[in-house]
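Reader: I'd like to learn how to read aromatic contacts in a model. Can you walk me through it?

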Amino acid sequence: MALDASFVGRSWPPRTYRVGAEKVREFARAVGATDPVHTDVEAARAAGHADVVAPPTFPVVFTWEATREVVDDPALGLDFTRVVHRDQAFELHRPVVAGDVLTTVVSVAEIKELAGNDVVTFRCDVTDPDGASVLVSTATLVGRAGEDA
């Protein structure tokens, strides 16, 4: 089933996420980020941060939640049972730290077909309460073609 190309360029309502210190610590342990700035507030403050610093890939915690709203929309036409994750990138404009209140707006950047597979790229623009860009995340998913394709 081909994806609905009319989704390209569309954005979804903003979603807000408060970064918690314990979530940062849990994520750091899960990904093996051993720098003490990720787990020890005093080390983070000594390095010039207000609180513990999230590892660079931490934003997947909240950007995926926003992206999933689009992925799960039946009108898009993506069969998630056939999806593989092709690519993920984070363009960080500043570190994410515990206590941040971040707003994510997800949009569909591109839809294409590649060798019979559906390929969709999502863009998440993440801002702080003042509207300053904190990061941009992109994720590309591939909906593998069915047996009959």
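Author: Sure. This is a predicted model, and its ring pairs join Y17, F27, F58 and F62 into a cluster.

Reader: How many aromatic pairs are there?

Author: Six, going by centres that lie within 6.5 Å.

Reader: And how do I describe one of them?

Author: You take the distance of the ring centres and the angle of the planes. Try Y17 and F62: their centres are 5.0 Å apart with 20° between the planes, and the pair is stacked. Y17 sits in strand β1 (residues 15-18) and F62 in helix α3 (residues 60-71), so this contact ties together parts 45 residues apart in sequence.

Reader: Are Y17 and F62 buried or exposed?

Author: Both Y17 and F62 are buried. Next, look at F27 and F58, an edge-to-face pair with 5.4 Å centre to centre and 90° between the planes.

Reader: Where do F27 and F58 sit along the chain?

Author: F27 belongs to helix α1 (residues 21-31), while F58 is in the loop between α2 (41-46) and α3. They are 31 residues apart, so the pair links distant parts of the chain.

Reader: Why does F27 count as buried?

Author: Because its relative accessible area is 14%, and buried means under 20%. F58 passes as well, at 1% relative accessibility.

Reader: Which charged residues lie over a ring face?

Author: Two cases to look at. R10 lies over the face of F7, 4.2 Å from the ring centre. R68 does so with F80, at 4.0 Å from the ring centre.

Key: Residues numbered from 1 in each chain as written. Predicted model: local features only at pLDDT ≥ 70, side-chain atom pairs only at ≥ 80, totals over all residues. Heavy atoms only, no water. Phe/Tyr/Trp six-rings, centres within 6.5 Å; stacked < 30°, edge-to-face > 60°. Helix = DSSP H or I, 4+ residues; strand = E, 2+ residues; numbered from the N terminus. Buried < 20%, exposed > 50% of the residue type's maximum accessible area, 1.4 Å probe, protein only. Lys NZ or Arg CZ within 6 Å of the ring centre and 35° of its normal.
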